[in-house]
Amino acid sequence: MPLSGASRWFLSAAIAHLAAAGILLLFEPETLALTLRWDLWLWLVLIGFVQCSTLGFSLHLFPAVSHRLRAKGPAEGVAFLLAESGVVFGVFALSPLASGFGSEFSLAALCDLAAIGLVLSLFVRAVLAPRLRTPGPEVRPGDSVTVPLFLVAWSAALVAAALFVLSGLSEGPGFGWWLAAVHLFVLGHATVLIAAVSLRLTPRSLDADPPKLPVALLAGLGTVGAALVPTGMLVLTPSEPMALALFAAPEAAFAVLFVGLLAHLGVRTRRPRRQLGLHLAGVVCLLAGGGLGLWMVSAADFGPVETHALVNVFGFVGLTIVIMWFGMIAPFQRISHAWTRRMLWGLSAGWLAAVGVLASAEAAGPGAQGIAIGVGGALLLAVALGWGAGTIPVLFPKLNPLPGVTGEELRAIRDRWPRR
């Protein structure tokens with residue numbers, strides 16, 4: 001199914017925002033991206049990169065997984081303009097040019113809230129419409145939870161956006177509106193959506209199915225855990241760490257079960273794929289980042305909070321986006337499929353290296369910390385540029401993937417790579 005215009009623009013914007021995040025880290029001494037401007041950088045990554053990616057792929061996938069027609073009209077284009085306005089206004093509001101958290105940031109979050117509400121309304125309207133009766137792919141156990149998890153994920157994004165609006169108006173109860181919104185977005189939106197797509201596509205890719213009961217349990221734990229963690233952060237205070245750990249227990253069980261299900265599929269597969277190793281590495285990052293979070297609240301030591309966020313957001317969510325991006329739109333495919341596979345592993349290696357360097361920067365000394373952040377930013381920027389070079393020509397087929405190279409020369413390049 002071809003990508004719609006709005007999906008192409010969302011995915012292109014995601015790469016542009018990722019490159020901007022890399023530039024901010026590359027020039028950390030001037031931008032202070034991981035110190036004084038941490039909130040700005042996190043907004044750019046979460047809403048600019050992660051949410052634009054999930055919007056692009058959700059608009060593309062939802063008609064197929066729900067067996068409904070794509071809604072027609074300008075709604076998708078309006079949603080893109082609102083979402084992009086939210087990213088830009090939010091970056092401005094959190095920059096030194098504005099007052100930080102305040103009415104300007106609430107306006108940015110309100111734009112994001114409107115964009116998500118518009119997209120969610122498209123999904124709800126699609127679900128309420130008659131189901132297409134055309135024959136589809138063979139039904140698998142994971143299919144039963146895909147559409148409900150899609151709706152849960154985008155409902156969580158809507159509530160997270162509302163919490164972001166409140167964070168511009170007041171600090172909020174407990175740990176505050178901002179931290180609750182960040183955790184609801186990562187756990188309730190990104191993580192649940194990743195689980196939905198994984199349960200739908202991974203069994204088909206590997207030609208192996210998970211048992212029905214663990215599938216339902218994973219969906220339930222993901223939904224409950226995503227709601228309990230931010231709720232606990234609002235009703236509890238940092239002086240009640242063990243109580244917050246209890247609120248996080250379902251999410252920890254979700255991460256363990258997710259790893260177990262992927263490993264089960266890897267053992268039972270009739271079509272082995274090495275990419276499953278990357279997928280497992282991403283979910284292991286969720287376990288590691290979540291484990292660090294549990295340690296922080298139990299020890300009442302919130303020093304490694306940046307490492308916790310980087311491992312979860314980049315190690316789990318970001319790496320999974322890289323894998324699924326290649327699986328669904330195959331950047332670099334206009335050169336050769338062998339080149340596509342090489343770039344998947346190359347960009348994934350660069351991504352993991354950036355995660356490792358940035359996550360360890362917090363533990364480095366004052367001098368080494370700046371160098372580590374700059375190196376991590378350079379790696380992130382290089383990945384974004386390579387990713388964009390392969391993606392943009394696929395999203396917009398009229399573009400020549402190698403400017404200045406004729407069609408005959410491009411075909412000759414393809415012919416050199418058939419078996420490599």
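This talk walks through the packing, the salt bridges and a few individual residues of one predicted model.

Good morning. I shall begin with the nonpolar interior. The largest nonpolar core has 139 residues, and the members that touch the most others are Trp41, Phe314, Trp351 and Trp387. Let me take Trp387 as an example. Which residues does Trp387 contact, once neighbours within four places in sequence are set aside? The list consists of Ile15, Leu18, Phe49, Ile321, Val322, Trp325, Pro331, Leu347 and Trp351. Trp351, one of these partners, is itself named among the core members with the most contacts to other members.

I turn now to a pair of helices. Two packed helices are described by the angle between their axes and the distance between the axes. For helix H12, residues 305-329, and helix H13, residues 337-361, the axes come within 10 Å and the crossing angle is roughly 175 degrees. Because angles over 145 degrees count as roughly antiparallel, H12 is described as roughly antiparallel to H13.

Which residues form this contact? On the H12 side they are Thr307, Leu310, Val311, Phe314, Gly315, Gly318, Leu319, Val322, Ile323 and Phe326. On the H13 side they are Thr340, Met343, Leu344, Leu347, Ser348, Trp351, Leu352, Val355, Leu358 and Ala359. Sorted by class, the contact holds 15 nonpolar residues, 5 polar residues and no charged ones. Phe314 on H12 and Trp351 on H13 take part here, and both also appear among the residues that touch the most other members of the core. Val322 and Leu347, also in this contact, are among the partners of Trp387.

A further residue of H12 deserves a remark, namely Met324. Met324 counts as buried, at 15% relative accessibility. Not counting residues up to four places away in sequence, Met324 touches Ile194, Val197, Ser198 and His279. His279 is 45 residues from Met324 along the chain, and their C-alpha atoms are separated by 9.1 Å.

Next, the charged side chains. How many salt bridges does a search of the whole structure find? The search returns 5. Two of them involve Asp143, which sits in the loop between H5 and H6. In one, the side chain of Asp143 meets that of Arg200, at 3.8 Å from N to O. This pair links distant parts of the chain, with Arg200 in helix H7, residues 177-206, and the two residues 57 positions apart. In the other, Asp143 pairs with Arg204, and the closest N and O atoms are 2.7 Å apart. Arg204 also belongs to helix H7, at a separation of 61 residues from Asp143.

Are the residues of the Arg200 and Asp143 pair buried or exposed? Arg200 is buried, with a relative accessible area of 9%, and Asp143 is buried as well, at 14%. The contacts of Asp143, leaving aside neighbours within four places in sequence, are Glu138, Arg200 and Arg204. By way of contrast in space, Pro238 is 95 residues from Asp143 in sequence and 39 Å from it, C-alpha to C-alpha.

Arg200 also leads us to Thr146, in helix H6, residues 146-167. Thr146 is buried, with a relative accessible area of 1%. Its contacts, again without neighbours within four places in sequence, are Val65, Ala196 and Arg200.

A further salt bridge joins the side chains of Asp207 and Arg270, at 3.3 Å from N to O. Asp207 lies in the loop between H7 and H8, and Arg270 in the loop between H10 and H11, so the pair ties together parts that are 63 residues apart in sequence. Arg270 counts as exposed, at 60% relative accessibility. Both residues belong to a network of salt bridges that links Arg140, Asp207, Asp209 and Arg270.

I close with two backbone conformations. Leu32, in the loop between H2 and H3, has a phi near 55 degrees, a positive value in a residue other than glycine. Leu32 counts as partly exposed, at 29% relative accessibility. His67 lies in the loop between H3 and H4, and its phi is also positive, at about 60 degrees, although His67 is not a glycine. His67 is buried, with a relative accessible area of 17%.

Notes
Residues are numbered from 1 along each chain as its sequence is written. This is a predicted model: local features need pLDDT of at least 70, side-chain atom pairs count only at pLDDT 80 or more; totals for chains, interfaces and linings use all residues. Side-chain values use heavy atoms; hydrogens and water are left out. A nonpolar core is a set of buried Ala, Val, Leu, Ile, Met, Phe, Trp, Tyr and Cys residues joined through side-chain atoms within 4.5 Å. Buried means under 20% relative accessible area, exposed over 50%, partly exposed in between (1.4 Å probe, protein chains only). Contact means heavy atoms within 4.5 Å. Axes are lines fitted to C-alpha atoms, for helices over the stretch in contact, and angles run from 0 to 180 degrees between N-to-C directions. Helices (H or I, at least four residues) and strands (E, at least two) are DSSP runs, numbered from the N terminus. Angles under 35 degrees count as roughly parallel, over 145 as roughly antiparallel, 65 to 115 as roughly perpendicular and the rest as oblique. Ala, Val, Leu, Ile, Met, Phe, Trp, Tyr, Cys and Pro count as nonpolar, Asp, Glu, Lys and Arg as charged, and the others, Gly among them, as polar. A salt bridge is a side-chain nitrogen of Lys or Arg within 4 Å of a carboxyl oxygen of Asp or Glu.
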